[in-house]
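Here are a few exercises on helix packing, domains and a ligand shell. Have a go at each one before you read its solution.

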Amino acid sequence: MEKPRILTGHRPTGPRHLGHLVGTLDTWRKLQDSHECLFLVADLHVLTTDYAHPQRIAPNIHAVLLDWLGAGLDPEKSAFVLQSAVPEHSELAVLLSMLVTVARAARNPTYKEQVRELGLSPSVGLLAYPVLQAADILVYKARAVPVGQDQLPHLEMAREIARAFNRLYGPTFPEPEPILSEVPRLPGTDGRTMHTSYGNTIPLGADPAEVTAKVLSMVTDPARARPTDPGHPEVCQAFVYHRTFRPDVAGPVEDRCRRGGIGCVPCKRELAEALVEWLAPFREIRTRWKGREQELGEILRQGTRQARPLAQATLAEVQAKLGLR
Ligand code: SF4
């Protein structure tokens, strides 16, 4: 029996971080056995916010591939696809953009957040980001997309576009279903949404000194002046990480904190040590793949070759329905 196809991916904005691992990569790894997975390196999407620094894209693609491999994504089971090497993504996005009003695109929560947080003067490309995202999914007629609860609005746009197209031109696209991640999003070290641009992430390939520095900078209970003051772990970012990465000791950590049995610095040092150990495989994979850029590139080319005929078939169908060919 054919496995249902899923499409998901990352923007190559830099090395992956703990938020990617908890929120997405762990889920993707598990889905590889039950689904036909297309993992998209969404380089075109990078340009929506970082168009002034194209030289960063190639090294970031390399970093993303390393972290994907480190997280257990397997190119023998799944296709790693380079978005810009499949021009059908862009062409389908142009065609689908006719079905989306400017007001609808502007309601996208990510668009609003990026404009607010990054102080961007938004470009047309950024506004149209969700349409390109819809094209990424629909060009492969993906049945499902793994998403977190907060990403549901993005998927809804793809579903709306699929419905609108099917209504106007006849059944063409399946409405992609969400595969909801049950794991809540990991906040950044400063308590905001974890985002590479905000500088509040812990990269998966970080060395022990960087991990320790990031953990020690975490926001804790601001009401605690002395190590013996009773703490409130529910307002502490370090505790979120204890709970996520050390679930077996979260109870005792909480207890110690509430009764003022430990200071925040030693508590965070314990967390840092645990995370350093936890991230050892990601550092190891960097060592193993050092100097093998060609092989890494071939993994991406191979996956892209595998995926492109699917996209070409969809685009040809869409063009025919729109009277373009
Ligand atoms: S003791 Fe630990 S859990 Fe409690 S506030 Fe400090 S860092 Fe957070």
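Helices here are DSSP runs of H or I with at least four residues, strands are E runs of at least two, and both are numbered from the N terminus. The model is predicted, so local features need pLDDT of at least 70 and side-chain atom pairs count only at pLDDT 80 or more, while totals for chains, interfaces and linings use all residues. Residues are numbered from 1 along each chain as its sequence is written.

**Exercise 1.** Work out which helices each supply at least two residues of the shell around the ligand.

*Solution.* Start with the shell: a residue is near a molecule if its C-beta atom, placed from the backbone, lies within 6 Å of it. That gives 14 residues, with Gly231, Cys236, Cys257, Cys264 and Cys267 the closest. Next, the helices: H11 (237-245), H12 (250-258) and H13 (264-278) each bring in at least two. H13 gives the most, with three. Finally, sort by class (Ala, Val, Leu, Ile, Met, Phe, Trp, Tyr, Cys and Pro nonpolar; Asp, Glu, Lys and Arg charged; the others, Gly among them, polar). You get nine nonpolar, two polar and three charged residues.

**Exercise 2.** Find how H4 and H15 are oriented to each other.

*Solution.* Fit the axes as lines to C-alpha atoms over the stretch in contact, taking angles from 0 to 180 degrees between N-to-C directions. The axes of H4 (residues 88-97) and H15 (residues 293-321) come within 10 Å and cross at roughly 25°. Now apply the bins: under 35 degrees is roughly parallel, over 145 roughly antiparallel, 65 to 115 roughly perpendicular, and the rest oblique. H4 and H15 are therefore roughly parallel.

**Exercise 3.** Do the same for H8 and H9, then list who touches whom.

*Solution.* The axes of H8 (residues 129-138) and H9 (residues 152-169) come within 9 Å and cross at roughly 70°. So H8 is roughly perpendicular to H9. For contacts (C-beta atoms, placed from the backbone, within 7 Å), Pro130, Gln133, Ala134, Ile137 and Leu138 in H8 meet His154, Met157, Ala158, Ile161 and Ala162 in H9. Those contact residues split into eight nonpolar, two polar and no charged.

Definitions and conventions
Two residues are in contact if their C-beta atoms, placed from the backbone, lie within 7 Å.
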